[in-house]
Structures are given as structure tokens and as C-alpha cells.
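Student: I would like a close look at a single part of this model, followed by a connected account of what surrounds it. Please take one side chain and work outwards.

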Amino acid sequence: MKLQEEHITHIREAFSNMKDKDGFLYLLNYCKVILYGAEAIPFELCHLNYHCNPKNNKARYYSFSIRKKSGALRTIHAPNKGLKALQKCLNLILQVIFEPHKAATGFMPGKSIVDNAKIHTGKNYVYNIDLKDFFPSIEKARIYSRLKFPPFNLDNERSKLANIIAGLCCQEMEVERIVDEKWIKKMEYVLPQGAPTSPTLTNIICERLDRRLSGAAKKNGLSYSRYADDITFSSNHNKYQKDGEFLKEVERIITDQNFIIKTKRLVFKKKATARKLPGFWSTKM
């Protein structure tokens, strides 16, 4: 959906000026008319309060599994009808306020996985990294903290709005974390895979990751892109030695940004063929 310039301007001004729940509710309802039409029934303050309340957590989402290409199951946490409508309106607001890094191609209006692939067309070497548990690796506290900074600026007396937004977008679920160098399972409020807001929020959280990895790629004469949790570098020269300085820097940046690598793979591509180079690797956690 292509927004009119007047809508973009009004959303940005209203977001900048909102100071409390009433101002946030007004903006959600403004976006609801854009998304659902003039006959849309407005959200009420009780709806917003209900879906922000952690005590109603279990009623907000339902879960189901789908099978991935690998054959493993992926759990989807889908919001109920009321929360989904709120999140769709909030997602529109977030997309208007925030412009992701140019290397981010996933879940972007007007972009697709084809645009991601075009960046690496014709390159001899393609190095790919998948991140582990991408959505649930991002916790509510991290979203709350990020919303305090530009372009959102929900700090000081407006920090309560950052907490409301983070609460609307997160779900308590069992996740894996490393504690004392061991993997343990624990309950955390995290981004659920299945909420309309989750993809946009991952692009917001990954802004610094994209900026740093783009810098590392540029310094080494490589192309870089990220489609959700799929990180790709490409070049016509080999910078991907297993113990080389470039990959050490990449892994250090990813770790610094609180993500964990699940798989990494180097493929040699030439003349419309693709094969794994002898002596190179494909690893999985």
C-alpha cells in the first residue's frame, strides 16, 4: 500500500507530539482508517489497556507449527484478532517513522527476496550466515530501550509509551539462552514470529548490525545484504578464509549485537553453476 504524502506527514507529526495513551490511541485510530477504511470501528482505551496487560498474555496469542524446508518444525505465535488489528496499525506507524538501513531487504514495502538476490548477482563467491532463533532472540527490554532513541525519541516522560509499544509487540515464551557457557531454557518476553510488528522491529533493532557489517564489507570490497536472519556477503575475490580476519570481524560484530550464528556456508558460483569449494565449509550449531 502506497501512503499519500499527507498521511506520512501527519503520522510523523502526531507521533512526535504524542505524550500519553490518548495521543497514541488517536494515532492508532488514524492509521486504522487508512488500513481498514472510514467505516472501521475505532479502538477504545480499554482495548489498548487489555492488550498491554501481561496478565492477559496467554489470551493474546495462539500457537501452531509449520514445517520448514529442512523438515524441522517452526512454531508460529499468532495474535488474536483484536491484538492483530492494533499491531497492524502500529506497524504502519513504525514503518513511517523509521527507515531501515539500505542493506535490509526483508519485510520492506516494495522489496522482496528477489531484490536481496540481485545485490549478489554475478559474484564468484557468496558467503551466507543464518542467525539462531532470530525473532525470540530479541527481548522486550531491548525494544523498550531502542525506542528511546532517534527517530522515535520516546524518552523521559514519554518512556511509558515505549513500554506500551514494547508490551503490545512481545509475548512471554520459553527461549534458549547461554548462561555460564551452557544453553538453558527460560521464560522471557520476546518478539513472536507471527506478529505483524515483529519483522519491522527486527529491522529497527538490526540497524546498528547492518551499519557495522556494511562497513566491514565496504572496507574489504564486498557486497552485503540481510533478509531477516539471512546475512549474505559476496565478491569476485575470496575474503572468506575460515580463520581469516574478515570472518573474525563479522562474527565479533554479530556477537556484540547479541545474536548467535546458527549456520555459515561458503559457495563458489561461476557461469550459472554453484558448488561448495573444496576445502571450504558448511557448519551448523
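Student: Which residues does glutamine 87 touch, not counting residues up to four places away in sequence?

Tutor: This is a predicted model, in which local features need pLDDT of at least 70 and side-chain atom pairs count only at pLDDT 80 or more, whereas totals for chains, interfaces and linings use all residues. Residues are numbered from 1 along each chain as its sequence is written, and side-chain values use heavy atoms, leaving out hydrogens and water.

Glutamine 87 touches Tyr61, Pro79, Leu168, Cys169, Ala195, Pro196 and Thr197, a touch being heavy atoms within 4.5 Å. The residue belongs to helix 5, which spans residues 81–97 (helices are DSSP runs of H or I with at least four residues, strands are E runs with at least two, both numbered from the N terminus). Because its relative accessibility is 0%, glutamine 87 counts as buried (under 20% relative accessible area with a 1.4 Å probe and protein chains only, with exposed over 50% and partly exposed in between).

Among the residues in that list, leucine 168 deserves attention, since the side chain of glutamine 87 reaches the backbone oxygen of leucine 168 at 2.9 Å (a polar contact is a donor and an acceptor, N or O, within 3.5 Å). Both Leu168 and Cys169 appear among the buried residues of helix 8, and helix 8, which covers residues 159–169, is mostly covered, with nine of its 11 residues buried. The others in that buried set include Ser159, Leu161, Ala162, Ile164 and Ile165.

Charged side chains add another kind of link elsewhere in the model, where the count comes to 10 salt bridges (a Lys or Arg side-chain nitrogen within 4 Å of an Asp or Glu carboxyl oxygen). In one of them, glutamate 207 joins arginine 146, with the closest N and O atoms 2.9 Å apart. This pair links distant parts of the chain, as glutamate 207 lies in helix 10 (residues 207–219) and arginine 146 in helix 7 (residues 140–146), 61 residues apart. Glutamate 207 is partly exposed at 24% relative accessible area, whereas arginine 146 is buried at 15%.

Helix 10 also takes part through aspartate 210, whose salt bridge with arginine 226 has its closest N and O atoms 2.8 Å apart. Here arginine 226 sits in strand 6 and aspartate 210 in helix 10, 16 residues apart, and both partners are buried.
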